[in-house]
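Work through the following exercises with the sequence and the structure in view, and try each task before reading its solution.

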Amino acid sequence: MSSFLWWQRGIVYQIYPRSFMDSNGDGTGDLVGILSRLNYLEWLGVEAIWISPIFPSPMADFGYDVSDYTDVHPLFGTRDDLDRLVEAAHARNIRVLLDYVPNHTSDQHPWFVESRRSRADPRRDWYLWHAGRENGSPPNNWLSVFGGSAWEWDAPTREFYYHAYLKEQPDLNWRNPEVRAAMLDVLRFWFERGIDGFRIDALRQVFKDVELRDNLPNPGWTPSQPPYESLLPVHSTDQPELLELVAEFRDLADAYPERVLIGELWLPIERLVAYYGVGGRGLHLPFNFHLILSAWNPREIAALIHTYEAALPAGAWPNWVLGNHDRQRVASRVGAPQARVAAMLLLTLRGTPTLYQGDEIGMQDVPIPPEAVQDPVEWRLPGLGRGRDPERTPMQWDDSPNAGFSQVRPWLPLAADYQSVNVAAQKSDTRSMLSLYRRLIELRRASPALSVGSYHQLYVDDTTLVFERDAGDQRRVVALNLSADERALPDAVGSLPVILSTHLDRAAEPATVLRPHEGVLLDSR
Ligand code: GLC
């Protein structure tokens, strides 16, 4: 196991900083809050934390609209707080990853303020400005991920600028060498300060077709999907030059010891794996979101694992994600009983798991009354269930008035059930979801088969998935029942002793049957 690096062996835990822990009583989480909860993260057993953006920002997209890449938003604290957090995390062997947002800045970033001043401004070319068509319409049909045209008309300078997300998030022009240099300096700045790596935001968007060709209609689109998906973004995303840039990111990261680059890439598997790069000059971990996208049934999941494993280039390390700050919570998607099976799947698959804060206590999406909505996406894509507040509600630490998250009413409502679903209650309950996560993490970390071993599917049908993980002479079998019925285990594995059941109520006995919504980890030497 020692030949594997920390980001291969361990678990990444995503912190959404606004909602993790508020130390100064303003209702929003902060860096000192995270610091105060490091003992919990150490106890849970995670290897690294990735913190969503903490940089100065007007918060049009809650920090994903950065107005200064090398400072900390006062809401979250100071650069000194971050240094202290990194030091304290490192003292516990926890690495710290930040979020790098290369595709766009805030419209309040000084670069954009200058860029929009005049067509002749030296910063003009730092963003994507274009004349409209003759009839005054935008340069092409490209759509914003958050709805509407991706082009915003700037009346004073009589040109459009491009924004893949909100109009408050203008896209940078990465073909401009000065932009490239300035943005690479950002990575260097944080690496020098001891940051262990980055999750790279919206990576597939970074280059767009120079000729601005129209995107093509998506024949499979229906109005129940976001309007963005009505076109195939063939000319506005995933362009060949991006791989060259990623290689440059990698060279930069490799100048420091054991740094990691994780890319947010919503791409089909065959395109996703291209971002591992050629000759190791790519991302360490192009985020694999396909478990989020897959239907929750054993045959589809088995096929997905097979396709992904088969597509991985030589030397590439896999990874899996079940949830994040942009998607429905896994416990809401698959239901509370299945969420335990999902946890076992995530933590026994081959490849680095990323765990989203709160999933370890089975947090569900919280219904947000209209007057409490914060996420602009809720308004921009009404009725599609794409608003992201429900999965961003405050972490539930205990049963005190603000769930131990804050002294005051938090920025988003708390879950109605926080008095029973919280870290404190689950810590003292040996059969809780949290106890399950902790046991799984502990077993994974201690077992070469589970953390770095090979994967082989043993059996699949409409309800059950069985696979094994092997390393040296250690062999572990995982059997998951994705249904609400009792299922007999295939004979070959039914006599193996149970190491862990997701119900946390049996061990050592032969498995023979899987109860409803049960997953078991079996010892097969
Ligand atoms: C990524 C982030 C999301 C953000 C978007 C624009 O998808 O995860 O939260 O809104 O990029 O930066």
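**Exercise 1: the nonpolar cores**

Task: in this predicted model, identify which residues of the largest nonpolar core touch the most other members, and then trace the contacts of Phe249.

Solution: The largest nonpolar core holds 143 residues, and those touching the most other members are Tyr13, Leu41, Trp174, Phe198 and Phe249. Taking Phe249 and leaving aside its neighbours within four places in sequence, one finds contacts with Tyr100, Trp174, Leu184, Leu187, Ile200, Leu203 and Leu261. A second core, separate from the largest, comprises 16 residues, among them Trp151, Tyr162, Leu212 and Val377.

**Exercise 2: the sheet**

Task: establish the strand order of the eight-stranded open sheet, and find which strands lie at the edges.

Solution: The order reads β11-β10-β7-β3-β2-β1-β13-β12, with parallel pairing. The edge strands, each pairing on one side only, are β11 (285-286) and β12 (319-321). Within the sheet, β7 (residues 197-200) pairs with β10 (residues 260-263) in the parallel sense over four bridges, and Gly197 stands opposite Val260 in β10. Helix α4 (residues 79-91) packs on the sheet by touching β2 (48-51) and β3 (95-100), and its direction makes about 140° with that of β3.

**Exercise 3: a helix pair**

Task: determine how α12 and α15 are oriented relative to each other.

Solution: The axes of α12 (residues 336-348) and α15 (residues 433-446) come within 10 Å and cross at roughly 15°. Since angles under 35 degrees count as roughly parallel, α12 is therefore roughly parallel to α15. Their crossing is right-handed. Among the residues that meet are Ala339, Ala343 and Leu347 in α12, and Leu436, Leu440 and Arg444 in α15.

Terms used:
Residues are numbered from 1 along each chain as its sequence is written. This is a predicted model: local features need pLDDT of at least 70, side-chain atom pairs count only at pLDDT 80 or more; totals for chains, interfaces and linings use all residues. Side-chain values use heavy atoms; hydrogens and water are left out. Two strands pair if DSSP finds at least two bridges between them. Helices (H or I, at least four residues) and strands (E, at least two) are DSSP runs, numbered from the N terminus. Contact means heavy atoms within 4.5 Å. Axes are lines fitted to C-alpha atoms, for helices over the stretch in contact, and angles run from 0 to 180 degrees between N-to-C directions. A nonpolar core is a set of buried Ala, Val, Leu, Ile, Met, Phe, Trp, Tyr and Cys residues joined through side-chain atoms within 4.5 Å. Buried means under 20% relative accessible area, exposed over 50%, partly exposed in between (1.4 Å probe, protein chains only). Angles under 35 degrees count as roughly parallel, over 145 as roughly antiparallel, 65 to 115 as roughly perpendicular and the rest as oblique. A crossing is left-handed if the near helix is turned anticlockwise from the far one by less than a right angle, and right-handed if clockwise.
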